[in-house]
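Visitor: Could we go through this structure together? I have a few short questions.

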Amino acid sequence: MKKFYITTPVYYVNDVPHIGHTYTTVAADVLARYHRALGEETFFLTGTDEHGAKIETKAKEMKLEPKQYADQIAAAFKQAWQELNISHDNFLRTTDAAHMAAAQKALQFMYEKGDIYLGKYEGLYCRGCEQYKNERDLVNGECPDHKTAPEKISEECYNFKLSKYQDELLKLIKKDKFKILPAGRKNEIISFYEKEGLQDISFSRKNVNWGIPIPWDKSHTVYVWADAFLNYLTGLGWNGEAGQLPKFWPASVQLMSKDILRVHSTIWPAMLLSLNLPLPEIIFVHGHFQVNGQKMSKSLGNAIAPRDLIKKYGVDAARYLIMSATAFGHDGDIGWEKFDDKYNADLANGLGNLTARVANLLEINKLELKLKIGNDKKLIKAYQTEMQDFKFDEALKVLWEKLRNGDTVLSDKKPWKLKDQKEIKNILEPIAQDILNVAGLLKPFMPAISEKIIKQFSAKEIKKGEPLFPRI
Ligand code: MSP
């Protein structure tokens, strides 16, 4: 049986889930549901990244022990994904004992292999990114992502021989053996390899207590990214043994946005090579959301919480709005007004209205239909082509094209003005059939509402029912 393994990043617990995390997680869920429906054996992993200086600082601010604090936020992520009907197979916390033990075992192997050696780091560190920085990464002395000046650190550390893997990785990336999508992102990374190249990187922190102890020197903790990357393996039950392939590895698709592409296409694959493990097949970088033209931030107070979306639109509509907001792989601007407009146009007046009108006409004319789901091969093909290319918004457009066609036929033929039952049936039946087929293909995006429509339109006597999307 074909296998499909999809991951989201493990999210930092310095903040509660917002629409950015939600975007990646819903997209991963759509892909997982789509591949399950194709009959593939699917594993979907998400989770939380809980160690490091950033979380340690945040917990202190909150006057909590780091673990206590992490427990609260991890619970908030779990709750959010449950509310959004996310179908992950595992939720990995990097503070799970099994993950920590496996990470130690893996690092010990890399140390004994000679890929990790004692050194010193003197330079800059951005706590927001949890990354070592060069002067050239900064804009006006600040990290462009966090708008803060990085701290200067000088400490003994254990370095990872990242430079050793430069040539091998560059070759693999160029040959698409480790495929970075969309293509523009791949080119960015190639140019990074060619212009700046890989330098050895500190894999331990002497002055950060909140982390996994380095097994051979407990006065250091593991650099949080080295710890976090391994989640993609430990989330499958991997125990840290080099060369040992867990059932679903390598990942079919690893999703993220551009902020963490660089580390995912340098440090992460190098760790895998060091551990004698194959690289993920695809890294897919989706777009970054801005809210009304501005970066989402706490200080601006413009972050959109998944719960607010659900409250306003319902679960499935929230999922639809997120997935159709922008072309997948391209940055997008979102906001409440845009969501309202799209909700009314596509859902209340679109899918909801057409479904209600057709069901109503079938009911009052007491027409009996025998519809069959999944019998439009052309529609399925057009939809699948877009789905295989990660063009979710295009796949949805294919379905909405069908719905719009149904609307046009209704307005042209005005079956409510006709008397002849057979004539009415001839108009309504193909539209009802299209609605049923569209609902079948909508399942990965709107699992509950599509089931409702399928149930409604598979019955012998179709009834109008409650409105699916009350107008806002
Ligand atoms: N903990 C690291 C990842 C470690 S993975 C081994 C991290 N966490 S994070 O909480 O900052 O999550 C970043 C990810 O959240 C992005 O890569 C993206 O998937 C998602 N998003 C966060 N904000 C986003 C937007 N504004 N827009 C779209 N997605 C964004 O980085």
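Visitor: Which backbone atom does an oxygen atom of the ligand approach?
Guide: A polar backbone atom of S257 lies 3.0 Å from an oxygen atom of the ligand, a polar contact being a pair of N or O atoms within 3.5 Å. The protein covers 93% of the 670 Å² of accessible area that the ligand has on its own, by the Shrake-Rupley method with a 1.4 Å probe. This is a predicted model, in which local features need pLDDT of at least 70, side-chain atom pairs count only at pLDDT 80 or more, and totals for chains, interfaces and linings use all residues. Residues are numbered from 1 along each chain as its sequence is written, and side-chain values use heavy atoms, without hydrogens and water.

Visitor: And how far is the side chain of D49 from a nitrogen atom of the ligand?
Guide: An N or O atom in the D49 side chain is 2.7 Å from that nitrogen atom. For H21, a polar side-chain atom lies 3.5 Å from an oxygen atom of the ligand.

Visitor: Which strand supplies the largest share of the shell?
Guide: That is β1, with four residues; strands here are DSSP runs of E with at least two residues.

Visitor: Turning to the sheet, what is the strand order?
Guide: The open sheet of six strands runs β3-β2-β1-β12-β13-β7, with parallel pairing, where two strands pair if DSSP finds at least two bridges between them.

Visitor: Why do β3 and β7 each have one side without a neighbour?
Guide: Both stand at the edges with a single partner strand each, so one side of each is left without a neighbour in the sheet.

Terms used
A polar contact is a pair of N or O atoms within 3.5 Å; within protein, one must be able to donate a hydrogen and the other to accept it, and residues adjacent in sequence count only if both atoms are side-chain atoms.
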